[in-house]
Structure formats: C-alpha cells, structure tokens
Amino acid sequence: MKDASFLGKLFSSPFIRGFYNDEKPVVDIKLEGNKFEQRRMTSLINTIARNSPTGRAILEDAAKAGYTFSFERQRGSYGFCDPSEKRICLNPMHNDAKLTGTLAHEARHAQQHTKDVPTKFCTLNVATELKLRRATESDAQAVAAQTALEIRAATRNEKIWNAFEETDRHIALSVGKPSVFKSLDSVVADRDKNMQNAFKGWFNDWRTIDAYEQGYLYHHLRAVARCEPEEKAAYFAQKPFEGHKTSADILKMVCTTEKGKCYFANDLDIMDRETAMCGICQDTREAADMFFSERKKVTGKAPDTSYQNLPDRGDLFKALKMMMMPIGEIKVTKAPLDKKALPPSLIAGLNKIRQGR
Ligand SMILES: [Zn+2]
C-alpha cells in the first residue's frame with residue numbers, strides 16, 4: 001500500500017520544496033515517512049494548528065482517534081482518509097497551499113467516522129445513503145474552506161485560500177471572501193454561516209454530485225448484475241441498505257462544531273427540501289429497482305422503498321452517453337465495480353468529459 005517510490009519522496013524533498021524546519025508537530029499526531037516527508041507534514045499540521053482554531057480542533061480529534069499521517073502518491077486525488085486503517089495520506093505531488101486544505105478535509109472525514117458515520121457504503125437505506133455521502137463530502141469541504149479563511153485572517157496571506165478557490169470555485173463563491181482586514185476572531189465568529197454557505201456551495205456543481213452518486217451508490221447497485229449466482233447472497237449481506245435517517249439526523253451527525261453543536265441547527269430540514277441534496281437520478285433509481293428485486297429473489301427480503309418518492313435529478317449518464325457512447329458504455333458497464341467505489345481517476349475522467357459539454 002505504501003508508496004516508497006523515488007518520485008513520491010522526491011516531491012517532498014528539499015530539492016523540490018525547499019527546507020522545512022526541524023520542529024515538532026503542535027498537535028501530537030503519529031507521522032510516517034522519511035525525514036523530509038515528516039518535516040513537510042509537520043509544517044502543514046502546524047500551519048493549521050497555529051492559525052485556525054477550527055482546523056486545530058479537528059486535527060486534535062484525529063490524533064486522539066489514533067490516526068497516522070503520511071504522503072502517498074495517488075492518481076487523480078489530493079489525498080484520502082482510510083478509517084479502517086486509521087490513515088490519512090496526502091499526495092506529495094501537490095503544493096503545500098493546496099495540501100493544507102486537503103489535510104483539514106481528510107481530518108474531518110476521520111472525525112466524521114468517529115461520530116457514527118458508517119464507514120461502509122450501502123449500510124443505510126438508499127434515501128439516507130444519497131444524502132449522507134453528499135453531506136460528508138460537502139461538510140469536509142466546508143471545514144477546508146473555513147480553515148483556509150481562518151489561516152488567511154491569522155496570517156494575512158491569501159495563498160491557502162486562493163488554492164482552495166482555484167479548485168472549488170463554486171464553494172468559494174458561495175462562501176464569499178471576507179475583507180482581508182477582518183480579524184481571526186470575527187472569521188471564527190462567522191463560522192456557522194461560512195460553513196453553511198460552503199456546504200450549500202458544494203451542491204452548485206452538478207458534476208460533483210453526479211460523480212458521487214455514481215461512485216458511492218449507482219455502481220454498488222449495478223455490480224450485483226455481475227456477481228456469480230453463488231456470490232449474490234454474500235454481496236447482499238455486505239450491502240444491507242437498512243435504516244433511515246432524516247435530513248436533521250444527518251446534519252446533526254455530520255455538521256458538528258465544538259461540544260456537539262450543529263452549524264445547521266437553524267435549518268435542519270434543508271436536505272429533505274433541496275432536490276440537489278435529496279434527489280436521485282433515473283439511472284440510479286433503475287439500478288436500485290434491479291438490485292432490490294434481485295435481492296428479494298435471492299434472500300426473500302422486502303425491497304427498500306425509501307427512494308421511491310424522492311425528486312428526480314435527471315439522467316446520470318446523459319452527458320456521457322451524448323459525448324462518447326461506445327467508450328462510455330464499455331467503461332461504465334464493464335469496469336470492475338463490485339468491491340470498491342469508482343476509482344478517483346475514472347471519476348476525474350467522467351468530470352472532464354462532462355465539463356467539456
Ligand atoms: Zn472527501
């Protein structure tokens with residue numbers, strides 16, 4: 001699993017990044033990697049911990065939960081959080097300004113999983129899975145945005161916020177950049193509002209919502225068609241789709257600030273109201289119908305009906321079908337999609353295709 005490649009190390013070396021101070025992380029987190037990688041990671045941790053109260057609290061929770069931070073080269077990704085192995089890995093190929101936001105984002109995922117967010121996809125019913133997986137991503141981005149704003153206010157340096165804005169313009173626009181003269185205290189005081197706006201901003205990019213619906217739900221449902229008959233019962237057991245949570249349940253579980261408070265406390269039903277947040281695409285609906293009818297045949301279990309009355313988000317693969325029918329069909333229906341979410345490189349590819357529309 002660990003990437004000990006020459007290139008991976010090179011990208012954290014003084015040759016590429018310059019020298020990092022030999023200092024201790026302000027938050028006592030387990031680090032892995034060579035001397036230069038550990039110093040680089042320490043520098044990212046300390047930038048957050050010294051300048052952003054919001055980011056620091058989240059790093060402290062990741063440390064308490066026993067997470068290890070390291071660098072690992074990945075295709076099409078800035079970093080990831082693996083809750084089963086309690087690891088957070090950043091992609092060393094990206095610059096420190098970008099990776100600071102990524103570190104806050106991934107540490108938030110670690111915190112989410114210590115607060116009862118199921119680590120496995122397809123645990124709760126379809127309506128809940130749709131909202132929950134979207135909420136965990138938009139919330140992690142809300143944390144990255146707020147951390148970047150706090151660092152900007154504390155240091156009067158725009159670099160980290162600009163790096164966030166560059167890749168997540170729709171979220172940055174929704175938050176709105178405060179005056180650079182605004183104090184750190186007032187940026188912290190605005191946290192609930194900023195994070196609500198960032199969370200909502202995530203839903204302004206339909207390509208991202210599509211990519212998550214495909215990767216976290218659609219492909220898991222479709223994959224049952226590729227199971228051998230004797231594998232099906234085990235597959236259904238791994239993906240129970242059981243248990244319902246409302247918008248309020250999800251927001252109270254995911255969108256937390258200190259002492260269990262929720263930054264959406266004044267608008268807890270928003271995810272049940274907004275089509276971008278609770279809607280389902282036609283392809284996913286059909287895939288779910290197929291999955292649950294097959295499950296009934298194999299296990300006798302009654303189908304999940306939670307998604308039947310959700311608003312329609314349109315056709316998940318419409319743009320893909322229009323752009324590249326033959327290749328799209330091959331990629332989407334024959335890729336090995338049974339065990340894991342859609343690979344990030346394919347999600348990135350899908351996004352590129354749709355972007356070109
Ligand atoms: Zn994420």
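**Close-up views of a predicted model**

**Figure 1. Helix α11 is a largely enclosed helix.** Of the 17 residues of α11, 15 are buried, so the rest of the structure largely encloses this helix. Keep in mind as you look that this is a predicted model. Helix α11 covers residues 206–222 and has a kink of about 45°. Where should you look for the centre of that kink? Find Q214 in α11: the kink is centred there.

**Figure 2. The whole protein, to help you get your bearings.** Before going further into the details, it helps to step back. The protein has 18 helices and four strands. Buried residues account for 42% of its 357 residues. Now take the contacts between residues at least 6 apart in sequence: 71% of them join residues at least 24 apart.

**Figure 3. Helices α4 and α6 cross each other.** Helix α4 spans residues 53–64 and helix α6 spans residues 126–155; their axes come within 7 Å and cross at roughly 125°. Because of that angle, α4 is oblique to α6. Which residues make the contact? On α4 they are P53, T54, G55 and I58, and on α6 they are V143, Q146, T147 and E150. Sorted by class, the contact of α4 with α6 has three nonpolar residues, four polar ones and one charged one. As you trace either side, a general point may help: an α-helix has 3.6 residues a turn, so residues three or four places apart point the same way.

**Figure 4. Four strands form an open sheet.** In what order do the strands lie? The order is β1-β2-β4-β3, and the pairing is mixed. At the edges are β1 (30–31) and β3 (79–82), each of which pairs on one side only. In general, strands of a sheet pair through backbone hydrogen bonds, either parallel or antiparallel.

**Figure 5. Strands β3 and β4 pair up in a hairpin.** Strand β4 covers residues 87–90 and runs antiparallel to β3, with four bridges joining the two. You can follow two of the partners by eye: F80 is matched with C89 in β4, and D82 is matched with R87 in β4. Four residues lie between the strands of this hairpin, where K86 takes a positive phi near 50°.

**Figure 6. The two faces of strand β3.** In a regular strand, side chains alternate between the two faces of the sheet. Which residues of β3 are on its covered face, and which are on the uncovered one? G79 and C81 belong to the covered face, while F80 and D82 belong to the uncovered face.

Terms used: Residues numbered from 1 in each chain as written. Predicted model: local features only at pLDDT ≥ 70, side-chain atom pairs only at ≥ 80, totals over all residues. Axes fitted to C-alpha atoms, helices over the stretch in contact; angles between N-to-C directions. Parallel < 35°, antiparallel > 145°, perpendicular 65-115°, else oblique. Contact = placed C-beta atoms within 7 Å. Nonpolar A, V, L, I, M, F, W, Y, C, P; charged D, E, K, R; others polar. Bend = angle between axes of the 7 residues up to and from the residue. Buried ≥ 20, exposed ≤ 12 C-beta atoms within 10 Å, placed from the backbone. Pairing = 2+ DSSP bridges.
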